[in-house]
Amino acid sequence: MSGPVDRPVPEDSAPEQGAGEIQRATVSEGPNDSPYGVERHGMFGVAGSGDTSGFGGLVREPWTAPAAERPYGSYFDELMDNLIEVYPGVSQAVTKVVVDRGELTLHVRREDLVELMTTLRNDPSLRFELLSSVSGVDYIGSALRLHAVYHLTSMTYRRRMRVEVAVSVADPHVPSVTDIYPTADWQERETYDMFGIVFDGHPALTRILMPDDWAGHPQRKDYPLGGIPVQYKGATIPPPDERRAYK
């Protein structure tokens with residue numbers, strides 16, 4: 001068996017550094033100009049020690065999908081034309097139209113959500129009969145960091161679209177759409193359980209995964225990892241929240 005092969009080191013490679021010399025990689029704190037979170041430093045946003053990934057100098061700025069301009073492409077123009085025709089208040093209700101990766105997303109004010117969803121379901125030119133999913137997203141660092149996301153499917157026209165509503169942690173209330181889409185029942189409960197978004201008017205908004213007396217919402221980005229020490233081959237591995245902080 002041959003031994004290890006010595007490979008030449010590129011001239012432009014970074015100099016070797018000891019662990020103590022590696023600049024600490026952290027996630028910046030506090031809101032910034034983006035409505036979609038904070039900029040991240042390092043490969044994984046590690047804090048509390050050197051970034052052993054080797055990407056300690058990497059800075060990832062928060063990305064915001066830009067508002068789309070006409071023509072949107074695909075069936076999106078026809079869909080929006082039909083929606084504008086049957087729902088005159090769409091210019092106020094929809095704060096932004098995003099077309100990204102071949103998918104259409106309408107960012108909607110929460111006070112207009114129920115009326116808009118009713119129109120999308122009932123109008124013959126739209127017919128989004130199926131709400132296939134309600135989920136949540138936490139863009140930590142932004143003012144309206146909690147997003148409720150609704151995935152709609154038109155069985156009649158074989159079309160898909162997404163509706164998104166943003167709220168703050170201080171006022172995480174969104175009207176329930178269970179009266180329009182009964183499938184939203186347990187999905188809104190799960191989103192409430194994991195993200196703390198309160199769906200007003202839900203028939204039984206209780207936790208569905210965590211115990212009823214559980215404190216906090218596990219899928220929020222600032223939720224502590226927790227855990228217990230683990231014995232492994234004579235060594236004690238601390239729980240995640242006592243190790244590095246990945247965010």
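**Exercise 1.** Determine which residues Met 117 touches in this predicted model, leaving aside residues up to four places away in sequence.

*Solution.* Step 1: With sequence neighbours up to four places away excluded, Met 117 touches Leu 131, Tyr 150, Leu 152, Val 163, Val 177, Ile 180 and Tyr 181. Step 2: Place these contacts in the wider packing. The largest nonpolar core comprises 38 residues, and Met 117, Leu 120 and Tyr 150 are those with the most contacts inside it.

**Exercise 2.** Identify the buried residues of helix H3, state how they are arranged around the axis, and name elements that cover them.

*Solution.* Step 1: The buried residues of H3 are Leu 113, Leu 116, Met 117, Thr 119 and Leu 120. Step 2: Because they cover an arc of only 160 degrees around the axis, they lie on the same side of H3. Step 3: The general background is that an α-helix has 3.6 residues a turn, so residues three or four places apart point the same way. Step 4: The cover over the buried residues of H3 includes H1, S4, strand S5 (130–138), strand S6 (146–154), S7 and strand S8 (173–175).

**Exercise 3.** List the buried residues of helix H1 and examine the salt bridge made by Asp 77.

*Solution.* Step 1: In H1 (residues 76–86), Phe 76, Asp 77, Leu 79, Met 80, Asn 82 and Leu 83 are buried. Step 2: Among the elements covering them are helix H2 (90–93), strand S3 (94–100) and helix H3 (113–122). Step 3: Asp 77 forms a salt bridge with Arg 70, at 3.3 Å from N to O. Step 4: Asp 77 has a relative accessible area of 15% and is therefore buried, whereas Arg 70, at 41%, is partly exposed. Step 5: A network of salt bridges links Arg 70, Asp 77 and Asp 81.

**Exercise 4.** Establish which parts of the chain the salt bridge between Glu 103 and Arg 162 links, and classify both partners by accessibility.

*Solution.* Step 1: The closest N and O atoms of Glu 103 and Arg 162 are 2.6 Å apart. Step 2: This pair links distant parts of the chain, with Glu 103 in strand S4 and Arg 162 in strand S7, 59 residues apart. Step 3: Buried means under 20% relative accessible area. Arg 162, at 19%, therefore counts as buried, while Glu 103, at 40%, is partly exposed. Step 4: The whole structure contains 12 salt bridges.

**Exercise 5.** Locate the nonpolar surface patch that includes Trp 186.

*Solution.* Step 1: Trp 186, Ile 208 and Leu 209 make a nonpolar surface patch of about 300 Å². Step 2: Trp 186 belongs to helix H4 (residues 184–195). Step 3: Its relative accessibility of 47% makes Trp 186 partly exposed.

Key:
Residues are numbered from 1 along each chain as its sequence is written. This is a predicted model: local features need pLDDT of at least 70, side-chain atom pairs count only at pLDDT 80 or more; totals for chains, interfaces and linings use all residues. Side-chain values use heavy atoms; hydrogens and water are left out. Patches are made of residues with over 30% relative accessible area and no salt bridge: like charges are joined within 9 Å, nonpolar side chains (Val, Leu, Ile, Met, Phe, Trp, Tyr) within 5 Å. Accessible areas come from the Shrake-Rupley method with a 1.4 Å probe; for residues, only the protein chains shown count as cover. A salt bridge is a side-chain nitrogen of Lys or Arg within 4 Å of a carboxyl oxygen of Asp or Glu. Helices (H or I, at least four residues) and strands (E, at least two) are DSSP runs, numbered from the N terminus. Buried means under 20% relative accessible area, exposed over 50%, partly exposed in between (1.4 Å probe, protein chains only). Contact means heavy atoms within 4.5 Å. The arc is that of the directions from the helix axis to the C-beta atoms. A nonpolar core is a set of buried Ala, Val, Leu, Ile, Met, Phe, Trp, Tyr and Cys residues joined through side-chain atoms within 4.5 Å.
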